[in-house]
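Visitor: Before we begin, may I ask how the terms used for this structure are justified?
Guide: Certainly; please consult the view below as we proceed.

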Amino acid sequence: MSRADVIVVGGGVMGASTAWWLARRGVAVTLLERFAQGHRNGSSHGTERIFRATNADPFWCRHAVEALPLWRELEEDSGDALLLTTGHIDFDTAEQLQLRADAAATAGVDTQWMSPEELTERWPSMASERPVLFHAEGGRTNAQATIDAMSRRAFELGADVRYETPARGIRQTAHGVEVDTDDGAISAGTVVLATAGWTPYLLDGAVPGLPSVESSTGQVAFFQPHDPASTYPTFVSPEVYGMSTPDGRVRVGHFQHSMPVHPDRRSFETDPHTRAEIEGWVAVHVPGVDPHHLDELSCLFGETIDDDYVIDRYGDIVVGCGFGGTGFKFAPLVGRMLADLACGQSGPGGRFASGRP
Ligand SMILES: Cc1cc2nc3c(=O)[nH]c(=O)nc-3n(C[C@H](O)[C@H](O)[C@H](O)COP(=O)(O)OP(=O)(O)OC[C@H]3O[C@@H](n4cnc5c(N)ncnc54)[C@H](O)[C@@H]3O)c2cc1C
């Protein structure tokens, strides 16, 4: 039986981040990912995610502020450019945007109002009928490059990184845990589960009190700019979110999710009604692109019922899941929290604890 100090199960962005932090601390870590590198069955694939510190809830603004220097630390450690500062725009009613501006201010984040004319002057490819909120430090992370950088650095620092290696079962033993794989069992002091909506199935009731985590699907469409040299901020409206892609397209996703699905039995079909809503929003607010979609995809979210994350320890099992449609921006911070818990340090508690109301 092989042995590690810590086994991390799940090679999405949260598991890769945890393995990176553990390997940097000299911990003997084994990272198990069920699918091949770059797979599209979870939540972390693709090349772009929004980074922003604006939110109506100051709790999330503060976490984004804390995550930002850790993104820069990851870039320095890996030598890869991963977070491109493009500026971020929030579209909403004046009342809702004021809530965001106030929440951001309590976290020390600067925002500025922009009139429709100022928006179009700065980005001729964007339009709004109402004032918008501008956040200069917002931008785009390269999702797959981030996972690749984290897992590569973890490997270079001594981690045993195994793709196409599902964890088949987890047992608590007198001295920690054992994780079954098709190549045999691995023993460790602690296991970290970063397995999103698969977590309840893998645990199979082994952790009583774990908040429920459900999977659902969402939809994203890609658009072709009329002018290949045009630039775009990242943006969020009550209905959709979007950003440019590293290969020069514009990606717009809808916030509407499907009913709960089993993560292994989900549909990859897209819905024409949702597509029409995305195209309708784009036709009004992103005049720089052809409003007929080029391509589209269905994606998977793993969420808790209250939308807060689970970052907690249960005996020798650490669980990090429920990051839904918002977690990527916090990945270097979440990985550090999970690594702290795996090393026996205290966790974030509060809204991330399993015993929350
Ligand atoms: C379409 C979409 C758009 C998003 N946009 C944004 C955004 O703009 N900004 C933002 O901040 N966030 C965004 N998010 C959220 C963010 O991408 C997710 O919160 C994040 O990727 C979740 O990462 P994860 O590692 O928890 O989950 P996953 O990426 O799903 O990783 C879980 C991994 O566990 C593996 N696994 C499961 N079971 C096993 C097993 N038994 N053995 C081994 N491995 C196993 C799976 O194969 C998977 O790779 C978006 C999410 C989606 C889906």
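**Domains and the ligand shell**

Guide: In this predicted model, the domain assignment divides the protein chain into domain 1 (2-45 + 144-212 + 306-352) and domain 2 (68-139 + 214-304). The centres of domain 1 and domain 2, taken over C-alpha atoms, are separated by 28 Å. The contact takes 31 residues from domain 1 and 21 residues from domain 2.

Visitor: What area is buried between domain 1 and domain 2?

Guide: About 2400 Å² is buried between domain 1 and domain 2, and carbon and sulfur atoms give 55% of that area. The value is a buried area because it is the accessible area that two parts lose on being put together, summed over both.

Visitor: Which residues come nearest to the ligand?

Guide: Of the 36 residues around the ligand, the nearest are Glu 33, His 39, Ser 44, Ile 50 and Cys 299. The shell draws at least three residues from each of domain 1 and domain 2.

Visitor: Why is the pair formed by Glu 33 and the ligand called a polar contact?

Guide: A polar side-chain atom of Glu 33 lies 2.6 Å from an oxygen atom of the ligand. The cut-off for a pair of N or O atoms is 3.5 Å, so this pair qualifies as a polar contact. A backbone N or O atom of Phe 328 lies 3.1 Å from an oxygen atom of the ligand, and this pair is therefore also within the limit of 3.5 Å.

Visitor: How much of the ligand does the protein bury?

Guide: Taken alone, the ligand exposes 1000 Å², and the protein buries 97% of that.

Visitor: What makes up the shell by class?

Guide: The shell around the ligand has 19 nonpolar, 12 polar and 5 charged residues.

Methods. Residues are numbered from 1 along each chain as its sequence is written. This is a predicted model: local features need pLDDT of at least 70, side-chain atom pairs count only at pLDDT 80 or more; totals for chains, interfaces and linings use all residues. Side-chain values use heavy atoms; hydrogens and water are left out. A residue is near a molecule or strand if one of its heavy atoms lies within 4 Å of it. A polar contact is a pair of N or O atoms within 3.5 Å; within protein, one must be able to donate a hydrogen and the other to accept it, and residues adjacent in sequence count only if both atoms are side-chain atoms. Accessible areas come from the Shrake-Rupley method with a 1.4 Å probe; for residues, only the protein chains shown count as cover. Ala, Val, Leu, Ile, Met, Phe, Trp, Tyr, Cys and Pro count as nonpolar, Asp, Glu, Lys and Arg as charged, and the others, Gly among them, as polar. Domain bounds come from an automatic or database domain assignment. Contact means heavy atoms within 4.5 Å. Buried area is the accessible area (1.4 Å probe) that two parts lose on being put together, summed over both.
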